[in-house]
Amino acid sequence: MLTINAAGAPHCFLSVTKWGHSAIVNTAGNEDCHIILRGGKEPNYSAQHVAQVKEGLAKAGLRQQVMIDFSHANSSKQFQKQMDVGTDVCAQIAGGDRAIMGVMVESHLVEGNQNPDSGEPLVYGKSITDACIGWQDTDTLLRQLARAVKARRA
């Protein structure tokens with residue numbers, strides 16, 4: 001919550017311009033900040049976790065805005081589990097939770113990932129960083145999210 005308060009406040013700091021000159025920069029602050037739930041020692045995308053975060057934001061007098069990362073610790077670093085996380089989060093959205101304002105998904109054209117240093121030929125459209133769900137699952141997930149948002153709006 002402290003980071004959101006800091007980001008929402010105006011700042012003045014020394015920086016460098018694109019021409020290499022030193023300059024004093026002033027910002028107005030950003031009131032459109034949000035919490036990202038990425039998981040930790042355990043996943044934290046459930047309705048219970050979201051409710052706890054919303055309560056903390058409300059107590060701090062901050063807007064209840066939550067983004068949920070379907071990957072990383074929320075999927076136990078198993079890219080295919082993003083689909084399970086998506087199903088749970090879509091149920092929360094369809095059930096009317098308005099605090100969930102966005103999601104993060106590790107997605108690429110071809111599922112999985114590859115190591116560019118392996119000596120194997122690279123596969124076009126396959127990640128060389130984090131393992132990703134492929135296009136078929138991405139399409140399914142996006143359609144599921146769209147249905148959930150339509151249900152929340154109804």
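1. Valine 25 first. In this predicted model, and setting aside neighbours within four places in sequence, valine 25 is in contact with His11, Cys12, Phe13 and Ser15. One of these pairs is worth a look on screen: valine 25 and serine 15 sit ten residues apart in sequence, with their C-alpha atoms 6.5 Å apart in space.

2. Valine 25 belongs to strand β2 (residues 22-27). Is it buried or exposed? Neither, as it turns out: the relative accessible area is 27%, so valine 25 counts as partly exposed, between the 20% and 50% cut-offs.

3. On to the strand pairing. β1 and β2 run antiparallel, joined by six bridges. Valine 16 has serine 22 of β2 as its bridge partner. Five residues lie between the two strands of this hairpin, and glycine 20 there takes a positive phi near 85°.

4. Strand β1 (residues 11-16) has little cover: of its six residues, the number buried is zero.

5. Now helix α3 (residues 82-94). Its 13 residues, at 1.5 Å a residue, should span 18 Å, and the end C-alpha atoms are indeed 18 Å apart, so the expected and modelled spans agree. Just after α3, glycine 96 has a positive phi of about 110°.

6. Which residues of α3 are buried? They are Gln82, Met83, Val85, Gly86, Val89, Cys90, Gln92 and Ile93. As for what covers them, these buried residues pack against two helices, α2 (47-59) and α4 (135-153), and two strands, β4 (66-69) and β5 (100-104).

Key: Residues are numbered from 1 along each chain as its sequence is written. This is a predicted model: local features need pLDDT of at least 70, side-chain atom pairs count only at pLDDT 80 or more; totals for chains, interfaces and linings use all residues. Side-chain values use heavy atoms; hydrogens and water are left out. Helices (H or I, at least four residues) and strands (E, at least two) are DSSP runs, numbered from the N terminus. The expected span of a helix is 1.5 Å times one less than its number of residues. Buried means under 20% relative accessible area, exposed over 50%, partly exposed in between (1.4 Å probe, protein chains only). Contact means heavy atoms within 4.5 Å. Two strands pair if DSSP finds at least two bridges between them.
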